[in-house]
Amino acid sequence: MAVLSTSPYRVLSKRTCSSFRKNSLSSFHPKGSYLFTLFNMKHYSNYSSDEFNSSKRRSRGPVMAAKKAAEGGKQEDGKYKHTVDLPKTTFGMRANSLVREPELHKIWDDNEVFKRVVDKNSGGNFILHDGPPYANGDLHMGHALNKILKDMINRYKSLDETTRKDLTPIKLRAKAAKFAKGTVKTQMESFKRYGVWADWDNPYLTLDPEYEAAQIEVFGQMAIQGYIYRGRKPVHWSPSSRTALAEAELEYPEGHVSRSIYAIFRLVTAPPVLGGILNEYLPNLCLAIWTTTPWTIPANAAVAVNAKLQYAIVEVQTLSEDASLSAGSKKRQLRNVLKEKKKPFLIVALDLVPTLEAKWSVKLVVRKTLSGSDIENCRYIHPISNKECPVVVGGDYITTESGTGLVHTAPGHGQEDYVTGLKYGLPILSPVDDDGKFTEEAGQFNGLDVLADGNVAVVKYLDENLSLIMEEPYAHKYPYDWRTKKPTIFRATEQWFASVEGFRQSAMDAIGHVKWIPAQAENRISAMTSSRSDWCISRQRTWGVPIPVFYHVQTKEPLMNEETIDHIKSIIAQKGSDAWWYMKVEDLLPGKYRDKASEYVKGTDTMDVWFDSGSSWAAVLGRRNGLSFPADLYVEGTDQHRGWFQSSLLTSIATKGQAPYSSVITHGFVLDEKGLKMSKSLGNVVDPQSVIVGGKNQKEAPGYGADVLRLWVSSVDYTGDVMIGPQVLRQMSDIYRKLRGTLRYLLGNLHDWHADNAVPYHDLPMIDRHALFQLENVVTSIRESYENYQFFKIFQVIQRFVIVDLSNFYFDVAKDRLYVGGTTSSTRRSCQTVLEAHLLSIVRVIAPILPHLAEDVWQNLPFKYTKEDGSIAEFVFESSWPASNKTRLSFPAEEVDFWEKILELRTEVNKVLEVARTGKLIGSSLEAKVYLHTSDARLASRLREMCEANNDADTLHRIFITSQAEILPSMENELTGNVPHTGECLIQGKTKVWIGVSRAEGGKCERCWNFSLQVGSFSEHPTLCSRCYNAVSVQHFPAVAMAT
């Protein structure tokens, strides 16, 4: 995709842009800081809730007089009130989202708008593959962020455990399925309320038979290629769930504290290569180790050292009792071995001697140093089993950052330990059962819970047998089961694995061909994929898709081949995976094996849920009509680099040889507005449903509707963590209200619009051509941001251009010709031509983000929108993205530069007008005449042309919203001496302009409140200026009512 370029439109109101031009629009704030805070709120137009405001400089007399009369108010004068063309629309200022948004949903549903849009799609498909939902409860703000991001992309593209043991497997699976389907239905309704469009009548579910069959097929293909194997390895095990877990099924909550110990293992022999250098210390020489899992000591098989580190034999000397007590900590408990008169010599890492002295409150005197490789193959006595065990060389995981530099190694309880164990042929001991309790293999600890009383018993035993130096609590990250919220353990069990090593390099190569958004996401998934161990895909659960394997009753050898897998796949495709549990072995086996059915039993393991979801590309993209492989886009949170993104990648690479996606977007987590993680205990949880419909206390927690929530999603830089809270939502609501007011202004001033009223481009005043140039560049910029999924830039542009610049300049200036210029006058029709273009463009570019607001506007259009094929777009999503208009973009560069100067000059004129107002010379700006002088001949000529412009819309005094403007040829005193208020400025930092303000000349027009020398010149209408005289002479007098 194209890289987003800087916004191409340049000319913006200086008085609205000055504040944010100091800030780079590409600046990303940490933790998703709200980029809308770059814009000073004081620059927003502050129109009232009942009418889009005029500037405070602008006289609102004609408007207010007509409005008052239309509402039935008493009017002493103002006989021309009915000649004023006030805005008129059925589109309410208040969104009333709690009522209106569900009404719009019903309109979409009743008219099958989603289906109509899909059916009319004549282009190629864009496939955003939505990950399988986890049907485990109500939706939270992270769901809202995720699904709304996806919906904005799709809409843009459419424009362009207590009773478990008592349950039989079938009953448990039925309860699980019922729960899942019920939750899916609840979540679906919530997603709909967010305004998310989808084919809700035909979702895919991982428990659908056709999905399960596709998953079995993926598994079978991997097995046939030799990527699936059964082995005994340490895995994350959840005693609370009684199953193995994948890394992606773990969470690491704050506040976990482990019971850590420093223990000693007594050396008994040293290898001959050492030449007897340790003999003088034997048998009183010990290895000092540190562990946070004392319960794994019974499974100890070795102590590992780092061959590159230096180690020291140290003599332990007790400090004075006072020093020992003062140095100690209440949480640290020095144990019996240090209380003995004859203390052992210890081997520790040389660099850690000072640290250990302070921690143990002892003096450690270094007697000898040696390298890690020197002590390899020394033998020690296991402190519990009394067996001899070796000292081995481990890997770079052995450091001097903590501990002692020597690592207690239990291959049955740790991945690094397991690898080291394979290297040395160590026994894989794991004397722990499915419930996390010691087995008979653990001897005296049999039946004790390893995470509770078992841990305590091991520590006590070590202390009583003089093998414990110290115990202390240790706070660190520790894996918990994401479902039960209880701690897990590492435990070696018989499991099924996917050999990632077999296709790792292909996966790494594929990662480089995917577009990752943000770009740094590629580094994250590359690191995780390159370093991950083989994938444990089996789970000891009853629910889920079974691993289609049979075991020989006698030999325990597995039976699983292409024939058996294909047969089971065909059964599951017809009957669902429940068939594995209720059908007999002879029926599950292919015909050639049925006479041996009595020799086999079916396996009870099910597949990892990440294998379930990781097969969705096969079950959905490759099978549903209209979809194709690979998907264009996957969108999920950053945690899915180790979850769905990775599992999908691995299964696809193993079977298809390519990634299942062309692009991947990752978003951060949702925090509260202080940047804290949301939790019920902190009371800072923001519930998306409450944001939409409100909380119990509507004053403290009002309902904002789905579009305000969606606007928030568009406002944040989702590539990092994002923040939300009451203040943020109030700001979003205020911005939404202003945007709605802008659209209402456009609708109201097009109430009498017909397509044949449009003024050809080359007949438009320059101010209108300039406005269309800006609009065209804004639409182009927004399109680029949609294409690059940079929604926060769209939010910025909408806020800056639609809400701020249009209201503060073009709309402000336009009111005069719209309201009092004459119903059928060329200046009003030209302005309406511009307003129609803005309305139709703005409503379509915001539709993916704010579909309810866009549809509400569309249903209140005062005219029908006809598409290029001649059909009427009854709904906003039946229209298409605004077509690029090269004519509008051809606005000359010199004109762009000139209008930039005009806008800057207007800001400076306003400053002098404000001084005149403060000095009581004028009230409103219409009571003023502006004088200008510049030595820049070219600029002076252009300004003079504007003063004399035939087209009233381009005249300089209309731009300034004053009654007159004059360009002085010189600064002679006779020209400037009587001007009461003056000022000077530098335009674009280089062109000096003198500004003067005096009272306007002539009388005040009763209809438009402009001052003119022509007032009094028309006998029929003596109180009108020439413009108003012409307007009322040709105008019928309709009774125009103000919209409510």
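Analyst: In this predicted model, a salt bridge is a side-chain nitrogen of Lys or Arg within 4 Å of a carboxyl oxygen of Asp or Glu. By that rule the structure holds 54 salt bridges.

User: What makes the pair Arg155 and Asp151 a salt bridge?

Analyst: The N to O distance between the two side chains is 2.7 Å. The limit is 4 Å, so the pair qualifies. Both residues sit in helix α5 (residues 141–159), four residues apart, about one turn of the helix.

User: Why are Arg155 and Asp151 called buried?

Analyst: Arg155 has a relative accessible area of 1%, and the value for Asp151 is also 1%. Buried means under 20%, so Arg155 is buried and Asp151 is buried.

User: How do you know that Arg116 and Glu874 form a salt bridge?

Analyst: Their side chains come to 3.8 Å, N to O. With the cut-off at 4 Å, the contact therefore counts as a salt bridge.

User: Why is Arg116 called partly exposed, and why Glu874?

Analyst: The partly exposed class lies between under 20%, which is buried, and over 50%, which is exposed. Arg116 has 22% and Glu874 has 45%, so each value falls in that class.

User: What makes Arg379 and Glu388 a salt bridge, and why is each called partly exposed?

Analyst: The closest N and O atoms of Arg379 and Glu388 are 3.4 Å apart, and because the limit is 4 Å, the pair meets the definition. Relative accessible area is 28% for Arg379 and 43% for Glu388; neither figure is under 20% or over 50%, so both residues are partly exposed. Elsewhere, Glu249, Arg483, Arg539, Arg541 and Asp608 are joined into one network by salt bridges that share partners.

User: Why is Arg888 called buried?

Analyst: Its relative accessible area is 19%. The class requires a value under 20%, so Arg888 is buried. Arg888 belongs to helix α27 (residues 886–889). Apart from neighbours within four places in sequence, Arg888 is in contact with Tyr761, Leu772, Phe773, Leu775, Glu776 and Ala837.

User: What makes Asp199 eligible for a surface patch, and which residues share that patch?

Analyst: Patch members need over 30% relative accessible area and no salt bridge. Asp199 has 41%, so the area condition is met, and the same value makes Asp199 partly exposed. The patch is one of negative charge, made up of Asp109, Glu112, Asp199 and Asp201. Asp199 itself lies in the loop between α6 (169–193) and α7 (209–224).

User: How do you know that Val99 is accessible enough for the nonpolar patch?

Analyst: Val99 has 40% relative accessibility, and the condition is over 30%, so Val99 passes. Val99 is located in helix α3 (residues 97–110). Leu98, Val99 and Val693 form the nonpolar patch, with about 200 Å² of accessible area together.

User: How many helices and strands does the protein chain have, and what share of its residues is buried?

Analyst: The protein chain has 32 helices and 34 strands. Of its 1044 residues, 57% are buried, that is, under 20% relative accessible area. The chain exposes about 44300 Å², of which carbon and sulfur atoms supply 50%.

Notes:
Residues are numbered from 1 along each chain as its sequence is written. This is a predicted model: local features need pLDDT of at least 70, side-chain atom pairs count only at pLDDT 80 or more; totals for chains, interfaces and linings use all residues. Side-chain values use heavy atoms; hydrogens and water are left out. Patches are made of residues with over 30% relative accessible area and no salt bridge: like charges are joined within 9 Å, nonpolar side chains (Val, Leu, Ile, Met, Phe, Trp, Tyr) within 5 Å. Accessible areas come from the Shrake-Rupley method with a 1.4 Å probe; for residues, only the protein chains shown count as cover. Lys and Arg count as positive and Asp and Glu as negative; His and the chain ends are not counted. The place of a charge is taken as NZ of Lys, CZ of Arg, CG of Asp or CD of Glu. Helices (H or I, at least four residues) and strands (E, at least two) are DSSP runs, numbered from the N terminus. Buried means under 20% relative accessible area, exposed over 50%, partly exposed in between (1.4 Å probe, protein chains only). Contact means heavy atoms within 4.5 Å.
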